[in-house]
Each structure stands twice: as structure tokens, then as C-alpha cells.
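Reader: I am new to this structure and would like a close look at one helix and the core around it. Please explain the terms as you go.

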Amino acid sequence: MSIGRAGADYLKCNLSGLSLLDHPLSRAERTPEVVAVSGVYRGRPGGEESSPGIPRTNLSSPPTAVLTETIDTPKKPTQKITPAYYLDYEATSPSTLIFNRQKPYGKMCGSLCLIAQDGDENQMGKRLTCRREWCNDCGVIEHRRRIARVLDHLLQICPMSYIVITFPLEVRSMMRDPKVLAVLGKKVRRLLRKRGYRKLFTRWHFFGEHGEKYHPHLNVLCDGEWLAPEQLADLKDLIRRKLLPRSIAKTIGKDLDIRYAYRRTNKEMMHTIKYVTKASFTDITWDEPLANALYGFHNGCFAGFWDDPPKWKLTGTDKKFNALLKVRKGIHPVSGKPIKWNKEPIPWALVEAQNPVDIGGGYYLLPPIRSPPSSPVRLNSISELPDSDERKHPNAIRRGIARARLAEPSD
Ligand SMILES: [Zn+2]
């Protein structure tokens with residue numbers, strides 16, 4: 001069923017009437033953004049935080065700033081460069097990316113690397129990526145990073161409820177706005193928090209399994225007991241009323257599709273986490289204007305209290321994420337000692353030459369820095385040696401001395 005222009009206008013008015021716009025977005029998203037970039041949660045207890053989304057591009061500095069600085073040039077102490085700063089620079093338009101591909105090094109996705117080391121000079125590296133969902137270069141790396149990022153929190157939920165909210169086709173065109181998506185996500189998190197859920201994670205998938213058609217659906221992972229059919233019907237009704245005005249649902253004769261699943265085993269929970277964190281916008285040509293609008297959009301968002309110890313463990317091949325979880329906590333995965341990241345990126349090619357050990361997610365173990373010998377070796381000239389030094393004798397005499405020593409009786 002399609003609706004005419006007048007109908008669309010009517011819907012748009014009503015979507016505004018959804019009070020989509022009555023939440024100041026600036027206040028809603030600014031704090032989580034800082035949290036996401038630094039990787040440190042500073043939100044108020046029970047508040048919201050979000051994971052890094054597709055980086056912003058609207059920076060005032062020129063996109064070539066990374067290249068105009070020589071790596072060795074000492075910086076003014078006041079100049080603060082964070083990894084996110086460089087990630088931001090990576091998020092340039094595709095045309096800029098093509099331009100940068102022609103450069104010897106610097107701005108290709110994954111061409112730069114940050115180095116960290118612990119107190120014992122054990123080193124590791126982290127490749128910098130562009131984080132675009134449709135990037136072929138960092139797709140696998142970013143998916144693993146997203147999994148590690150959410151595992152920190154989601155290991156605290158067991159069993160796990162999984163809700164998927166899909167909007168009817170008729171209102172999807174009005175949801176091609178990241179601000180609308182952000183507000184809808186926030187409404188769901190607030191509603192569920194009010195219903196008593198303590199831990200919530202939401203993340204949008206923009207396209208379905210086979211892409212091409214915009215198909216936004218909100219994935220929700222949360223704690224809570226299994227819902228009996230009546231309880232579930234009640235919850236679905238509440239979500240529908242909150243997200244889609246009844247007048248619109250009546251006009252189009254459709255409503256939100258809400259699926260609910262309950263995950264109990266480690267394997268099921270991990271499978272769901274991998275699915276929810278996957279990239280769904282894997283081809284920019286599906287909707288380039290939307291892709292541009294999504295720059296800076298923080299997709300994965302947490303709400304609630306996340307101060308409990310882990311309730312479940314990774315099993316089988318998923319144990320490999322434990323190394324990434326340690327790195328996220330600022331710990332060297334082998335030595336277990338705190339690491340410090342150097343904020344100056346270096347070309348990945350230099351790191352690759354050191355035979356790094358890949359631990360997944362674009363993180364690598366590097367050989368420790370070779371420390372200089374404790375007493376410096378002095379290369380003496382033979383004339384400086386005392387006359388008694390054997391090294392002054394010709395080789396034939398030195399061999400004779402060695403033979404005589406061997407012949408000496410030992411006691
Ligand atoms: Zn990339």
C-alpha cells in the first residue's frame with residue numbers, strides 16, 4: 001500500500017507529533033559521544049552512553065593535516081592529539097579517499113597504527129580504521145572491535161532478552177533521518193528502563209539481509225525474566241503506542257512488528273551479540289545521501305547500570321575475544337600489565353615489518369623493544385690494550401697458549 005503526498009505530509013506532521021523533536025538532541029547525544037570516543041564511561045549511574053558510530057567529517061581542519069605533520073617533528077606540549085582525532089580524519093568522503101590512495105602512506109584505511117607498551121617494554125599495535133559500515137578494508141576488524149566493545153557490558157546479562165522492532169514500510173521514508181533514529185532509540189531505552197529493566201543496549205540495522213531497500217529495525221538486548229504471552233503482549237502494545245501514534249497506525253492500517261526472543265546459553269547469547277553488532281549498511285550505493293547523513297551517528301547505545309561482575313564466560317573459539325577485552329581495559333594481553341598508548345600514529349608498513357602477531361580486531365603483539373647492553377661495548381684499538389693482553393699475540397702464539405692450558409693437570 002502506498003500513500004499519497006498529502007498522506008506523507010500528514011504522517012510527517014504526526015511523526016513530529018510523536019514528540020520526536022521535543023527531546024533536545026544536543027543534550028541527548030553530546031555526553032555519550034565524548035564517552036564513546038574516550039572509551040571511558042563518565043555518564044551518571046543508570047544514564048546513557050553510546051559506542052562510537054561512524055565518525056564525523058565536518059571538521060574545520062584540512063583533511064591533509066595528518067600528512068602535513070612529520071612524524072618526528074616534536075610537538076608543542078599543549079597540542080593534544082587523541083586517536084579519535086585521527087579517526088575523524090579518516091572519515092572523509094569517498095572522493096577524498098581515492099585521492100589519498102595515491103599518497104605513499106597516511107590516509108588509506110588501516111595505513112596508520114598506534115603503538116602501546118607496558119612497563120616491561122612489551123609492545124602492541126592498533127591499526128587505525130575509517131569505521132564506515134561499507135568499508136571493505138576494515139569491515140571484519142570493526143565488527144570484532146564492536147563485539148569486544150559491547151561484551152564488556154553484555155557479559156553482565158544472563159539470561160538475555162532480545163527484542164527487534166521493525167517499522168512499517170509506509171513510515172520508513174521519514175526515518176531516513178539519523179535524528180529521528182536517535183530519538184526513537186532513546187524512547188525505547190527510556191520506556192524499558194521505566195518498566196524495570198536495569199541494563200539495555202540498542203543498535204539499529206539499516207538494511208535487511210540482502211540490502212538495497214532501506215529497512216530500519218531496532219535491536220534491543222536487555223536483562224529481565226522470560227515474559228509470559230500476556231506480559232509480552234502488554235509490552236508490545238506499550239512500545240507501539242510510544243513509537244507510532246495510533247492515528248498513523250490506523251491510517252496506514254499497519255503497526256510496528258515486534259519480535260521477542262530469550263537467550264539462555266553462552267552460545268546463543270554470543271551468536272545474538274555477533275548478529276546485533278554486524279554491519280547492515282554494507283554497500284554505500286544502496287543509499288548514498290543516507291550514508292552521508294549517518295556520519296557521526298552513534299548507533300550502539302547503552303542505558304542503565306553496568307556495575308555487576310560478569311555472569312557468563314566466552315567459550316570455544318570466542319575465547320579469543322578475551323585478549324581484546326584486556327586491551328580495552330588498558331592491559332597487555334600477555335604480560336597482564338597496564339599499557340600506555342602513544343598518541344602519534346606511525347605507518348602500518350613499519351609495524352608490519354616487525355612480524356606482528358595478530359590477536360584480532362586490528363590489534364597486534366609486537367616484539368619487545370631491544371634494550372641496549374648494560375655495559376657499553378668499547379671497540380678498542382689493539383694498540384690501546386696492555387702488553388699482557390692475549391689479544392695482542394699473533395694467532396699462532398694464542399693457539400699455543402690455549403694448547404698449553406689444556407695440557408695443564410687439573411685438580
Ligand atoms: Zn575502513
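Author: What follows starts with the whole protein, turns to one helix and its core, and ends with a pair of strands.

This is a predicted model, in which local features need pLDDT of at least 70 and side-chain atom pairs count only at pLDDT 80 or more, while totals for chains, interfaces and linings use all residues. Residues are numbered from 1 along each chain as its sequence is written.

The secondary structure comes to 15 helices and 12 strands; helices (H or I, at least four residues) and strands (E, at least two) are DSSP runs, numbered from the N terminus. Of the 411 residues in the protein, 29% are buried. A residue counts as buried if 20 or more other C-beta atoms lie within 10 Å of its own, as exposed if 12 or fewer do, and as partly exposed in between, with C-beta atoms placed from the backbone.

The helix in question is α11, residues 266–276, where M269, M270, I273 and V276 are buried. Seen down the axis of α11, these buried residues fall within an arc of 130°, so they line one face of the helix; the arc is that of the directions from the helix axis to the C-beta atoms. An α-helix has 3.6 residues a turn, so residues three or four places apart point the same way. K267 and Y275 are exposed on the other side of α11.

What do the buried residues of α11 pack against? Their partners are helix α6 (139–154) and the strands β4 (160–166), β5 (199–207), β6 (214–222) and β7 (257–263). Contact here requires two C-beta atoms, placed from the backbone, within 7 Å.

I273 also belongs to the largest nonpolar core, which has 57 residues. Such a core is a set of buried Ala, Val, Leu, Ile, Met, Phe, Trp, Tyr and Cys residues joined through C-beta atoms within 7 Å. I273 is among the members that touch the most others, along with L151, L154, V188, L200, V220 and L221. Helix α8 (residues 178–194) gives the most to this core, with 6 residues. Not counting residues up to four places away in sequence, L151 touches I273, F321 and L325. A second, separate core of 5 residues includes C109, C135, C138 and I141.

Last come the strands. Strand β12 (residues 363–366) runs antiparallel to β3 (residues 123–127), with 4 bridges between them; strands pair if DSSP finds at least two bridges. Q123 has L366 as its bridge partner. β12 also forms a hairpin with β11, with 2 residues between them.
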